[in-house]
Amino acid sequence: MPSLETLARACLKLPTLSNGKHQSQVANTLERFVFPKIGKRPIDTIHRPELVDVVQAVQLDGRVETAHRVAGRIAAVFDYAQDAGLIDSHPASRACWLLSHAIRAKHPKSHWLMRATAVLAQLSAGPTEVIVALGREGKKQASIDADKRPHTAVMAAKLQSAEGRAKYRRRKAIVEPPNGWIKHVPEFRQFSFGGVVEKVRSEFKRVCAALNLRRMAVMAL
């Protein structure tokens, strides 16, 4: 009978975990919290109390959200073993019910917003006309704090004129088609190197190059 670790390694190769980053995250969780305790045990000799001990040990260490992930990933391995006909019962089922609710911290001001504000300030200092999306047309806009979001407030003022609204509508022909093509034709919806800025830039440049080459090929016909 294969061990839990052997089956987990096989489970990591399933198409549902084709993303390399996700595979690495699942493997790291199992290697850190599960394999040292029960990884070498044959899958049919592991009982629910042992799984509960593994999961609750993570929670008692103050890692409530991680404990929920551990419970889910253990359950996925047992699902795989059951589907393969190796076990009849499923001792890992609903193990997360024994855990406290995961509470995710909310940052008072997200990093992406501060980064975007800095970029807009740099663009405004040059010849570039800054255009900020305010939401869908026809919907009532919420009040904008000009002190916190000066560039958004300027954009809202521009849209009060017919000329400003006409320019804003041009985004449907200039910006949206490339975004839609990138998402739906090559199905590029996330980066493979999240957190590594230079690699992310390089990957997106390749996607943009593919878009431009396609446009050039169509225009040449």
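This passage looks at the nonpolar core and at helix α4. The model is predicted, so local features need pLDDT of at least 70 and side-chain atom pairs count only at pLDDT 80 or more, while totals for chains, interfaces and linings use all residues. Residues are numbered from 1 along each chain as its sequence is written, and side-chain values use heavy atoms, leaving out hydrogens and water.

The largest nonpolar core (buried Ala, Val, Leu, Ile, Met, Phe, Trp, Tyr and Cys residues joined through side-chain atoms within 4.5 Å) has 27 residues, and L4, V34, I74 and F78 touch the most other members. Buried here means under 20% relative accessible area, exposed over 50%, and partly exposed in between, with a 1.4 Å probe and protein chains only. Two or more core residues come from each of α1 (4–11), α2 (20–33), α3 (35–38), α4 (48–60) and α5 (64–83); helices are DSSP runs of H or I with at least four residues, numbered from the N terminus. The largest share, eight residues, belongs to α5. Leaving aside residues up to four places away in sequence, I74 is in contact (heavy atoms within 4.5 Å) with V34, L51, V54, V55 and A92.

As for α4, its buried residues are L51, V52, V54, V55, V58 and Q59. They line one face of the helix, because they fall within an arc of 160 degrees seen down its axis, taking directions from the axis to the C-beta atoms. Their cover includes α2, α3 and α5. On the face turned away sit the exposed residues P49, D53 and L60. After α4 comes G62, with a positive phi near 90 degrees.
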